[in-house]
Amino acid sequence: MNALRSIGAVIGGFVVLAVLSTAMDAALESTILPGLAKAQATTGEWIFVTVYRAVFSIFGCYLAARWAPSRPMAHALALGAIGVILSSLGAHVMWSLGTHWYPIALIVIALPCAWIGGWLYERSRAA
């Protein structure tokens with residue numbers, strides 16, 4: 001039963017961060033950043049996207065830790081590892097579009113964001 005709860009915690013955190021990222025992307029593409037849809041954004045716009053994706057990743061990993069039946073940091077880091085894998089696949093598929101530093105940044109920040117999310121949960125639980 002704990003294995004199912006563990007899987008559910010990681011999947012739940014992933015779904016939250018994916019929905020938030022996708023919704024924000026869609027909102028920005030249809031309003032103030034139409035270049036995102038074609039990977040033709042400016043450096044400042046890519047930085048903005050990287051920052052909000054980092055925030056959503058931290059939040060999703062925080063939730064994975066919170067929903068975990070035990071070892072919350074391990075669950076947050078498991079979601080971070082999934083982020084590394086999916087970001088690497090995304091970088092490979094989208095390499096010919098847009099700037100190269102952005103997909104690399106997503107790979108690099110995945111585990112630190114996961115650790116921060118897990119740490120924030122553990123800190124809030126200790127308080």
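User: Which loop does R71 lie in?
Analyst: Keep in mind that this is a predicted model. R71 stands out for a positive phi of about 45 degrees, although it is not a glycine. As for where to find R71, look in the loop between α2 and α3.

User: Is R71 buried or exposed?
Analyst: The cut-off for exposed is over 50% relative accessible area. R71 has a relative accessible area of 61%, so R71 counts as exposed.

User: How do α2 and α4 pack, and at what angle?
Analyst: Their axes are 7 Å apart, and α2 passes α4 in a right-handed crossing. Residues of this contact divide into 18 nonpolar, 6 polar and 2 charged. The packing angle is about 35 degrees.

User: What kind of aromatic pair do Y62 and Y121 form?
Analyst: A search of the whole structure gives 6 aromatic pairs, and Y62 with Y121 is one of them. The ring centres are 5.8 Å apart, with 70 degrees between the planes. Planes over 60 degrees apart fall in one class, so this pair is edge-to-face.

User: How many residues apart in sequence are the parts that the Y62 and Y121 pair ties together?
Analyst: Y62 sits in helix α2, while Y121 belongs to helix α4. Y121 is buried, at 13% relative accessible area. Because the two rings come from those two helices, the pair links parts whose separation in sequence is 59 residues.

User: Are W115 and W119 in helix α4 separated by about one helical turn, and what is the reason, or what spacing in residues goes with that?
Analyst: W115 and W119 form a stacked pair, 6.1 Å centre to centre with 15 degrees between the planes. W115 is partly exposed at 44% relative accessibility, and W119 is partly exposed too, at 36%. Both lie in helix α4, and the separation of about one helical turn follows because they are 4 residues apart.

User: Which residues form one aromatic cluster?
Analyst: Here the members are two tryptophans and a tyrosine. The cluster is made of W46, W101 and Y102.

User: Which element gives the largest share of the lining of the largest pocket?
Analyst: The largest pocket holds about 810 Å³ of space. Its lining has 32 residues, with D25, R53, S87, Y102 and L106 the closest to the centre. Elements giving two or more residues are α1, α2, α3 and α4. The largest share, 8 residues, comes from α3.

User: How do the lining residues of the largest pocket divide by type?
Analyst: Y102, one of the residues closest to the pocket centre, counts as nonpolar. Over the lining of the largest pocket, the split is 20 nonpolar, 9 polar and 3 charged.

Definitions and conventions: Residues numbered from 1 in each chain as written. Predicted model: local features only at pLDDT ≥ 70, side-chain atom pairs only at ≥ 80, totals over all residues. Heavy atoms only, no water. 1 Å grid on protein atoms, 1.4 Å probe; cavity = no way out; pocket = protein on both sides within 12 Å on 5 of 7 lines; lining within 4 Å. Points joined across faces, edges and corners; volume = space filled by probe spheres on them. Buried < 20%, exposed > 50% of the residue type's maximum accessible area, 1.4 Å probe, protein only. Axes fitted to C-alpha atoms, helices over the stretch in contact; angles between N-to-C directions. Left-handed = near helix turned anticlockwise from the far one by under 90°. Phe/Tyr/Trp six-rings, centres within 6.5 Å; stacked < 30°, edge-to-face > 60°.
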